Amino acid sequence: RQAAVESHRDFIRSWPLLVDALRHVAHPPIRNRGTIGGSLAHNDPAAELPAVMVVLGASMILQSATAQRTVPAEDFFVSPLETLLAPDELLIAIEAPMRDPSAGWGFAEISRRHGDFALAAAAVQQIPGDAARAPGARIVVTGVAERPLRVTEAENILCEGIWSAARDKAIRAAVETAVEPFEDLHAPGWYRQQAAGVMVARACQDALMRGTDLSTCRDKKPGAVA
Ligand SMILES: Cc1cc2nc3c(=O)[nH]c(=O)nc-3n(C[C@H](O)[C@H](O)[C@H](O)COP(=O)(O)OP(=O)(O)OC[C@H]3O[C@@H](n4cnc5c(N)ncnc54)[C@H](O)[C@@H]3O)c2cc1C
């Protein structure tokens with residue numbers, strides 16, 4: 001159940017991005033009944049959890065009566081309400097790496113009311129580089145495309161280093177170019193497009209503040225830009 005994960009000490013410690021995102025999923029009574037697997041199998045294009053799974057680099061374990069297979073989250077979500085699950089398969093487990101101790105994470109969402117499906121939301125994880133490895137980042141938006149959308153151009157900008165007004169602008173521009181927002185009674189496409197850029201910028205700043213690499217954020221205060 002979503003509520004059980006949200007309040008579990010191990011998840012708060014090891015998958016804090018998932019826990020942060022869960023708090024945007026509907027309301028407590030819904031999360032008391034809804035499951036993680038149900039949300040992923042349902043794959044609403046504005047759902048929070050598919051985006052989180054892609055950011056975490058999770059794998060979906062699918063089981064039929066005769067076989068088991070493992071599918072990366074990035075491939076699992078195909079289009080609205082469609083996944084790679086075959087009619088005779090169940091999603092029986094999800095494997096996701098535990099948080100790297102130096103990693104920062106951020107989740108930002110805009111919706112008409114808290115708990116509504118996202119008009120636009122962003123999930124971000126940033127791992128600082130060191131002598132042994134290059135910095136890494138994953139940025140995924142939801143609510144603005146047919147499936148959780150990775151914005152690699154924005155990831156590259158985030159990895160370049162210190163946060164600045166110019167980097168904030170460049171990341172928002174990269175997101176606005178990448179998304180394919182749809183229009184519905186909740187919001188026009190242009191609104192979702194701009195909101196996606198702002199959500200990514202906010203989530204990136206949270207990720208930089210929570211990570212251990214002090215060089216990436218000049219002033220570790222919420223909303224600070226150089
Ligand atoms: C009022 C309301 C508001 C909501 N708001 C949000 C929101 O803001 N954000 C959000 O992300 N979600 C939202 N949800 C969705 C909710 O959080 C649940 O994720 C969703 O309803 C799925 O519920 P469930 O886990 O009971 O799955 P079910 O309803 O039981 O299943 C959903 C689908 O997935 C299939 N399925 C379920 N489990 C598996 C499995 N293990 N393997 C294979 N197939 C499976 C079922 O056959 C069915 O087709 C909302 C739901 C409601 C009712």
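Start by colouring domain 1 (2–95) and domain 2 (104–216) differently; these bounds come from an automatic or database domain assignment. About 2,100 Å² is buried between domain 1 and domain 2, and carbon and sulfur atoms give 59% of that area. Buried area here is the accessible area (1.4 Å probe) that two parts lose on being put together, summed over both. This is a predicted model, in which local features need pLDDT of at least 70 and side-chain atom pairs count only at pLDDT 80 or more, while totals for chains, interfaces and linings use all residues. Residues are numbered from 1 along each chain as its sequence is written, and side-chain values use heavy atoms, with hydrogens and water left out.

Keep both domains in view. Their centres, taken over C-alpha atoms, are 20 Å apart. Select the residues in contact, meaning heavy atoms within 4.5 Å: 28 residues of domain 1 touch 22 residues of domain 2.

Next, select Asp20 and Arg210. They form a salt bridge, with the closest N and O atoms 3.5 Å apart. The rule asks for a side-chain nitrogen of Lys or Arg within 4 Å of a carboxyl oxygen of Asp or Glu, and it finds three salt bridges across the interface of domain 1 and domain 2.

Now show the domain 1 side of the interface. Helix 3 (16–22), helix 6 (49–56), helix 7 (73–76) and strand 3 (77–79) each give two or more residues to the side that touches domain 2. Helices (H or I, at least four residues) and strands (E, at least two) are DSSP runs, numbered from the N terminus. Helix 6 gives the most to this side of domain 1, with six residues.

Stay in domain 1 and select Glu6 and Arg31. Their side chains meet in a salt bridge at 2.8 Å, N to O. Glu6 lies in helix 1 (residues 2–6) and Arg31 in helix 4 (residues 28–33), so the pair ties together parts that are 25 residues apart in sequence. By the salt-bridge rule the count comes to 12.

Then select strand 1 (residues 59–63) and strand 2 (residues 68–72). They pair in the antiparallel sense over five bridges; two strands pair if DSSP finds at least two bridges between them. A hairpin of four residues joins strand 1 to strand 2. Ser59 stands opposite Pro72 in strand 2.

Last, turn to the open sheet of four strands, which has the order 6-7-8-9 with antiparallel pairing. Strand 6 (104–110) and strand 9 (149–150) stand at the edges, each with a single partner strand, so one side of each is left without a neighbour in the sheet. Select strand 6 together with strand 7 (residues 120–127): seven bridges join them, and they run antiparallel. To find a facing pair, pick Glu109, which stands opposite Ala121 in strand 7.
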